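Trainee: I would like to go through this model and ask, for each label, what it rests on. Please set each value against its rule.

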Amino acid sequence: MAGTWWRDAVFYQVYVRSFADSNGDGVGDLAGIRSRLPYLAELGVDALWLNPFYRSPMADHGYDVADPRGVDPVFGTLADFDAMIADAHELGIKVTVDLVPNHSSDQHEWFKAALASPPGSHERERYIFREGRGPDGAEPPNNWTSVFGGPAWHRVIEADGRPGQWYLHLFAPEQPDLNWDNPEVMADLEKTLRFWLDRGADGFRIDVAHGLAKPPGLPDMPAEADTLDGASQPRFDFDGVHEIHRRIRKILDEYPDAMAVGEIWVQDVERLKLYLRADELHLAFNFVLVQARWRADELHKAIDDSLDTVRGTPAPPCWVWSNHDIVRHVSRFGEGLVGERRARAAAMLTFALPGVVYVYYGDEVGLPNVELPDEVLQDPTWERSGHTVRGRDACRIPMPWTPGEPPYGFSPEPVDTWLPQPAGWSPLAVSSQAGVEGSNHTLYREAIALRKTHEAFSGDMTWLEAPPGCLAFARDGGLVCLVNLTNHPVAVPPDRTVLLSSVPLVDGKLPGDATVWLI
């Protein structure tokens, strides 16, 4: 249906530099994505979410944007984007792109102009510059910390060669926060929104959507509130953010099929609901599922919390297990075969739920996190934390397409990929699994196809009585989903037919760490 295509869509997150390399430089690019669109169409996904491919010095791999309306040469050209999106639409795949409104790169023309201008200037008003505390201004303006470690303030050297003002960066120093009290910032974002929508983009994922607005006076934060979550701290989830989202929504509503999903690390259900009012975001990632362990009680509560979040709002729930910022769920759920088995069961669980599902690239072949040697780590968290926090590189390893040796078909010829792929990944390669009965890839393809076409997946869900350590629920359309989170088999209702299972049933019973769909 026009305007609501996203309400039950399966989105596929493409971490652009790790998906497919077309030119042999070891870095994924837009032409690489275009070449793999038939694969994504066959997998059955409805839409893509592309991580940033804009001009950037890559201090945070594209989340430090120097030009939000230009393609970085490492990823290709605007012509490559146009060709990719045209092919995607021809295949019936929508394309959404990342929006990074909380901050820019320190190489953005605006910030370079700010550094070249004096305190109090128009140029500095686009960012958050403040005088330091203490008699000589040598202390940061407040006690805010960076999400990447260390203080959230950096002191600049003024034109006279002396230390001067400080600027705010909630992430890396190369990512100065924009001043959302300045109308020029919103005007520029509106220009960016229209630029990509006019080129055919179908929507946006909004980075740090609970950031942006800052409270007047920038009060100190509680000493214990050193997280990305907005609870009880002034760095995130300030009420002023909602007017920004209303402005964004007004523009999106001019494009009937456009949508936006927010990255919102807010635990309080009532606070999170505010982002989903009819004149704000269409969707919000709810990360309670990501934070739950492989236990029936924790997953039950996480699902209930997610449903409570959207209750009374126009938004459907939005389910995700993995992304570019968190440990892949194959690795979170256990070592080796245990994690692989639980991840298969988890995928079937979310595909059975009402709402939107996001799949992270490589989920469909069971990619795990990969522990990397210190010398290849690139996440700014590694340096900012004084080599105490390894960062997110382990969940961003380039995709294996064909068996053999690295780069496993990721690049057209042997090359060192931007992050190294491990030996022994041949069984995880797409062509090792595609069309193979029982493979992870086949399970995803079959599950997505049933979800899209079978009438049993319609309507709301209702919890059912389940054996201890298990979850069971029904959809209004007739589907029953049973998840066994124990290590022993449980009986399956004999009066129902098996539609799909994450592992074969044994003597009419569902083995441990498995999911079955029944009608």
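Trainee: How do you know that the span of helix α6 agrees with 1.5 Å a residue?
Mentor: Helix α6 covers residues 241–252, which makes twelve residues. At 1.5 Å a residue they should span 16 Å, and the end C-alpha atoms are 17 Å apart, so the two agree. Bear in mind that this is a predicted model.

Trainee: Which residues of α6 are buried?
Mentor: Buried means under 20% relative accessible area. In α6 the residues that meet this are Val-241, His-242, Ile-244, His-245, Ile-248, Arg-249, Ile-251 and Leu-252. Their cover includes α5 (183–198), β9 (203–206) and β10 (259–263).

Trainee: Why would residues a few places apart point the same way?
Mentor: An α-helix has 3.6 residues a turn, so residues three or four places apart point the same way.

Trainee: What makes Asp-207 count as buried?
Mentor: Asp-207 sits in the loop between β9 and α6. Its relative accessibility is 6%, and the cut-off is under 20%, so Asp-207 counts as buried.

Trainee: What does Asp-207 touch, apart from residues up to four places away in sequence?
Mentor: Asp-207 touches Tyr-63, Asp-98, Leu-99, Val-100, Pro-101, His-103, Leu-212 and Glu-263. For Leu-99, the C-alpha atoms are separated by 5.9 Å, although the two residues are 108 residues apart along the chain.

Trainee: Why is Ser-117 called buried?
Mentor: Ser-117 lies in the loop between α4 (109–115) and β6 (129–130). Its relative accessibility of 12% is under 20%, so Ser-117 is counted as buried. Beyond its neighbours within four places in sequence, Ser-117 is in contact with Glu-123 and Arg-124.

Trainee: And what puts Glu-158 in its class, buried or exposed?
Mentor: Exposed would need over 50% and buried needs under 20%. Glu-158 has a relative accessible area of 15%, so it is buried. Its place is the loop between β7 (153–157) and β8 (163–168). Neighbours within four places aside, its contacts are Pro-119, Arg-124, Gly-164 and Gln-165. Glu-158 and Leu-115 are 43 residues apart in sequence, with 7.6 Å between their C-alpha atoms.

Trainee: What span does helix α9 reach, and what is expected?
Mentor: Helix α9 (residues 296–310) has 15 residues and reaches 22 Å from first C-alpha to last, close to the expected 21 Å. Its buried residues include Leu-299, Ile-303 and Leu-307. The buried residues of α9 pack against several elements, among them α7 (269–273), α11 (336–352) and β15 (470–475). Just after α9, Gly-312 takes a positive phi of about 85 degrees.

Trainee: How does helix α14 compare with its expected span?
Mentor: Helix α14 (residues 440–453) has 14 residues and reaches 20 Å, close to the 20 Å expected. Among its buried residues are Tyr-444, Ile-448 and Arg-451.

Trainee: How many helices and strands does the protein have?
Mentor: There are 14 helices and 20 strands.

Trainee: What makes the protein as compact as a globular protein of its length?
Mentor: The radius of gyration is 23 Å, and the globule rule gives 24 Å for 519 residues; the two are close, so the protein is as compact as a globular protein of that length. Of those 519 residues, 60% count as buried.

Methods. Residues are numbered from 1 along each chain as its sequence is written. This is a predicted model: local features need pLDDT of at least 70, side-chain atom pairs count only at pLDDT 80 or more; totals for chains, interfaces and linings use all residues. Side-chain values use heavy atoms; hydrogens and water are left out. Helices (H or I, at least four residues) and strands (E, at least two) are DSSP runs, numbered from the N terminus. The expected span of a helix is 1.5 Å times one less than its number of residues. Buried means under 20% relative accessible area, exposed over 50%, partly exposed in between (1.4 Å probe, protein chains only). The radius of gyration is taken over C-alpha atoms; the globule rule is 2.2 Å times the number of residues to the power 0.38. Contact means heavy atoms within 4.5 Å.
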